[in-house]
Amino acid sequence: MTTLSIPTAPRRSRPDDRPDDLPTLDSLDEVVQTQRAHEEVFLRVSPGPWADLRGGGRDPESGYLLPGIPARPLRPEAWWAGAPDTWVARQLAHHSYRMCAGRLPWLL
């Protein structure tokens, strides 16, 4: 499985002065446990949290700069009748096409 990094609040003031100790999740179970432990967890696929701080996100159709960054919720929707871990697995699989060289999944 692709490794997911959970960015923590930067301990340094400059975005390019990235800490090297980001926690890493190695299994679906760890991602599900993280989702259950926090009120809101979102999946983002990009070059990383510090790159997003510098560049933000753009709408793919218009090219307009978006306020904030696009991310997908990992909390199951109210209508979801399946298991929460299935929802999380679906979100990871559904957005895996965005994962390529230089673009990694991370949680916020």
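How exposed or buried is T24? T24 is partly exposed, with a relative accessible area of 37%, where buried means under 20%, exposed over 50% and partly exposed in between (1.4 Å probe, protein chains only). The legends below start from the whole chain and then move in. This is a predicted model, in which local features need pLDDT of at least 70, side-chain atom pairs count only at pLDDT 80 or more, and totals for chains, interfaces and linings use all residues. Residues are numbered from 1 along each chain as its sequence is written, and side-chain values use heavy atoms, with hydrogens and water left out.

**View 1. The protein chain has three helices and seven strands.** Helices (H or I, at least four residues) and strands (E, at least two) are DSSP runs, numbered from the N terminus. Follow the chain along its sequence and you will meet β-β-α-β-α-β-β-β-α-β. Of its 108 residues, 29% are buried. About 7000 Å² is exposed, with 53% of that supplied by carbon and sulfur atoms; these areas come from the Shrake-Rupley method with a 1.4 Å probe, and for residues only the protein chains shown count as cover. Among contacts with a separation of 6 or more, 63% join residues 24 or more positions apart, a contact being heavy atoms within 4.5 Å.

**View 2. Strand β2 (residues 24-25) holds T24.** T24 and W106 are 82 residues apart along the chain, yet their C-alpha atoms are separated by 9.0 Å.

**View 3. The largest nonpolar core brings together nine residues.** They are L25, V31, V32, V41, L43, L74, V88, L92 and L107. A nonpolar core here is a set of buried Ala, Val, Leu, Ile, Met, Phe, Trp, Tyr and Cys residues joined through side-chain atoms within 4.5 Å. Helices α1 and α3 are the elements that give two or more residues to this core. Take a look around L74: leaving aside neighbours within four places in sequence, its contacts include V31, V41, L43, V88 and L107, and W87 and Q91 are also among them.

**View 4. Helix α3 has a buried side, formed by W87, V88, Q91 and L92.** These residues cover an arc of only 135 degrees around the axis, so they sit on the same side of α3; the arc is that of the directions from the helix axis to the C-beta atoms. On the face turned away from this buried side are the exposed residues A93 and H94. Q91 has 11% relative accessibility and counts as buried. Beyond its neighbours within four places in sequence, Q91 touches L43, R72, P73 and L74.

**View 5. E40 and R75 form a salt bridge.** Their side chains meet at 2.5 Å, N to O. E40 lies in the loop between α1 (28-37) and β3 (42-46) and R75 in the loop between β6 (72-73) and α3 (84-94), so the pair ties together parts that are 35 residues apart in sequence. The count comes to one salt bridge, defined as a side-chain nitrogen of Lys or Arg within 4 Å of a carboxyl oxygen of Asp or Glu. Both partners are partly exposed, E40 at 33% and R75 at 37%.

**View 6. Confidence varies between the elements, with the lowest mean pLDDT in β1 and the highest in α1.** The means are 54 for strand β1 (residues 4-5) and 90 for α1, pLDDT being the predictor's confidence in each residue, from 0 to 100. Over residues 6-17 the pLDDT is below 50. Where pLDDT is low, the predicted coordinates should not be read in detail.
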